[in-house]
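Q: I've got this model open and would like a close look at one part of it, with enough of the surroundings to place it.

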Amino acid sequence: MAILLTLAGNLTAQSPDKILKQAAKALGGEKALRAVQSRTFHGKITGSADNSTGSFRIQSVSPNSYYISYDLNGFETAAGYNGKTAWQRNSRTGARTLTGDIGRDFQAEAAYHSYSWLNYKTEKAKVISGGLKQIDGKNCQTVFLTTPKGVRLTFYFDSQTALPVREEYPAAEGIKIFDYGDFRKVDGVLEPFSIKMNIAGDLYQIGVDEVLHNKISDRTVFDFPATSLAPLPKIPELLEQVRANQDRIEEILEGYTYTESMVGKEIGKDGALKELFSETSQITFYKGNKISRQIELNGKPLTEKQQEKEDKRVADEIEDMEKKIAKQEKKGEEEGSSRVSIAEVLRASSLVNPRRESFRGREVIVFDFEPNPAFNLKNAKSILKLFGNAAGVIWIDEKDKQVARMEAYLADSVSFAAGIVKLRKGASFSMEQDRINDEIWLPLASDINISARVFLVKGMNVNQTTRYGNYKKFKTEVKDAKVDPVNEH
C-alpha cells in the first residue's frame with residue numbers, strides 16, 4: 001500500500017516551479033545548464049510524407065539568438081532571430097521579416113528554446129501547472145508558460161525522469177511541436193539526440209549527429225540574410241531625409257483623422273491575458289501637435305455628460321496650444337512641433353545590418369539599431385535616454401522617406417524623474433503603419449509591454465495593444481476638434 005501511495009503521489013500534478021527545478025536537476029543541474037551559453041545541433045532530417053531527406057541544424061545563443069534550418073531533397077527552409085529581427089527564408093519565396101503575431105511568436109520560440117524557462121522569473125513570465133498528460137505512453141507533467149507579451153508556450157516533462165518530452169510553440173502554420181528522446185551527456189549536460197518535429201501536421205524525424213556547446217564562431221547566421229545586390233543608401237543620410245520630410249508630412253497630417261482603440265491587459269493567475277480596460281479616441285493634428293478626443297470607454301460610447309466634459313478638455317487644450325503659438329510668434333520664435341523625428345531619437349544608437357526588403361508591396365530599407373557605448377547619456381533628454389538604451393529594427397519606405405514599422409526593446413534598465421520611475425530591461429514596443437491614399441503612412445497597430453518600478457517600491461506591468469482605423473480626410477474647426485469627413489480610406 002505504501003508503494004502504491006508513493007507512486008500515486010509521483011503522478012500527482014506538482015507546482016510548476018518544482019517541475020522546472022526537477023527538470024534542471026535531471027538535465028545536469030542549473031549551474032551546468034547556465035554555463036552553456038550556446039548550442040549547435042547538427043543532424044539529418046527525414047520527411048514522413050515522402051521520406052525525403054536532408055540536413056538539419058539548430059543554433060542558439062543566450063539569451064535569445066536562434067537559428068533553425070533544414071533542407072529536404074534540395075529545398076531549404078530557414079528562420080532566425082538575432083535579438084532584434086525575426087525572419088524566415090525558403091528556396092521558393094526568398095527571405096522576409098516576420099512581423100506582427102507571427103514575429104512575436106517566433107521571438108518567444110527563440111527565447112525559450114534550449115531550456116531558457118530557467119529565467120522565467122527574471123523575465124516576468126508566468127507559469128502554471130497544466131496537470132498530467134500521456135505522451136507516447138509516458139505520464140508527463142505539463143507546464144504552461146505565458147510570456148510578458150502574452151504568448152503561451154507549453155512544456156511537458158516525464159513524471160519519472162523529469163526530462164523534457166515535448167515543447168509546443170504557436171506559429172503561423174499552427175502549433176509547432178518538438179518531441180525529444182535519446183538523451184546523452186555532452187559536457188555534463190543531457191542533450192536529445194532524437195527529435196521529432198511536427199509543423200501543422202507535417203511530421204519530420206531528426207537524428208542528431210553532433211551537439212556542440214559554446215562553439216559558435218559566426219554570429220551573422222542569426223542576422224537577416226542579404227537578398228539584394230542593389231546599392232544601399234547611407235543610413236545617416238536616409239534618416240536626415242526622413243527628418244527633412246517631416247514638415248511636409250505634418251502638413252498632410254492636419255488634413256486627416258482616424259480612430260485609436262487602446263486595450264490594456266494583464267496576465268491572470270491562469271496564465272491567460274485578460275482585458276482590464278479599453279478606450280477609443282478620435283485623433284487629429286494641429287500644427288504638429290496630436291489632439292486626442294475620447295469617444296468610447298470599455299466598448300461603450302461616452303455618456304452625454306462624459307462627452308461634454310471630454311470636449312471641453314479638448315477645447316481647453318487647443319486654446320492653450322494657440323496661446324503658446326501666439327506667444328512664440330510675438331517673440332519671433334519659430335513654431336515648435338511636439339513630434340520628435342526618428343533621426344533625432346537614434347542619435348544615441350549604432351545603426352547596423354542595413355538591407356532591402358519588401359513591406360506591404362513597397363521597397364523599404366531596413367536596419368537594426370543598438371546602444372552606442374560611445375554616446376554619453378548622462379544629461380540626455382528622456383526620449384534620447386530611452387532610445388540610447390534600446391535595440392531594435394526600423395523599416396523605412398525608400399521612396400516616401402517615412403517610417404513603415406519599428407520594433408524596439410530595452411537592452412538595459414532606464415530611470416527617469418530622478419530615479420522615481422524605472423523601466424526594467426526587456427520592456428518592448430512595436431509600431432506598424434499603412435500607406436493611406438498614396439501619400440502618407442499612418443499608424444495601423446502598436447504594442448507596448450513594460451515592467452516598471454515606481455517610487456522604488458511599487459512595481460507594475462503594462463501590456464497594451466492599440467489598433468488604428470477609420471482613416472478620413474476632413475474639414476474641421478480647430479476650436480472643438482470635431483471633424484466633417486470628406487473622404488474615407
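What follows is about one helix and its setting. Which residues of helix H2 (residues 16-27) are buried, and which ones sit on the face turned away from the buried side?

A: A word on the ground rules before we zoom in. This is a predicted model, where local features need pLDDT of at least 70, side-chain atom pairs count only at pLDDT 80 or more, and totals for chains, interfaces and linings use all residues. Residues are numbered from 1 along each chain as its sequence is written, and side-chain values use heavy atoms, with hydrogens and water left out.

Overall, the protein has nine helices and 27 strands, taken as DSSP runs numbered from the N terminus (H or I, at least four residues, for helices; E, at least two, for strands). Of its 489 residues, 46% are buried, where buried means under 20% relative accessible area, exposed over 50%, and partly exposed in between (1.4 Å probe, protein chains only).

Now to H2. With 12 residues at 1.5 Å each, it should span 16 Å, and its end C-alpha atoms are 17 Å apart, which agrees; the expected span is 1.5 Å times one less than the number of residues. Pro16, Ile19, Leu20, Ala23, Ala24 and Leu27 are the buried residues of H2. They cover an arc of only 135° around the axis, so they are on the same side of H2; that arc is the one made by the directions from the helix axis to the C-beta atoms. The face turned away from this buried side carries Lys21 and Lys25, which are exposed. Right after H2 comes glycine 28, with a positive phi near 140°.

What touches H2's buried side? One partner is threonine 142, whose contacts include Ile19, contact meaning heavy atoms within 4.5 Å. Threonine 142 is in strand E8 and, at 3% relative accessibility, counts as buried. Leaving out residues up to four places away in sequence, its other contacts include Ile128, Ser129, Gly130, Gly131, Leu132 and Lys133, along with Thr154, Phe155 and Tyr156. Several of those numbers fall in strands you can pick out: E7 covers 126-135, and E9 covers 152-158.

Follow E8 (138-146) onward and you reach the loop to E9, where lysine 149 is found. Lysine 149 counts as partly exposed, at 30% relative accessibility. Beyond its neighbours within four places in sequence, lysine 149 is in contact with Arg104, Gln107, Leu273, Ser428, Asn449 and Asn463. Its C-alpha atom is also separated by 9.8 Å from that of alanine 427, 278 residues apart along the chain.

On the other side of E7 in sequence, lysine 124 lies in the loop between helix H4 (100-112) and E7. Lysine 124 has a positive phi of about 65° although it is not a glycine, and its 41% relative accessibility makes it partly exposed.

One more backbone detail while you're there: the peptide bond from serine 62 to proline 63 is cis, with omega near 10°. Proline 63 lies in the loop between strand E2 (53-61) and strand E3 (65-72).
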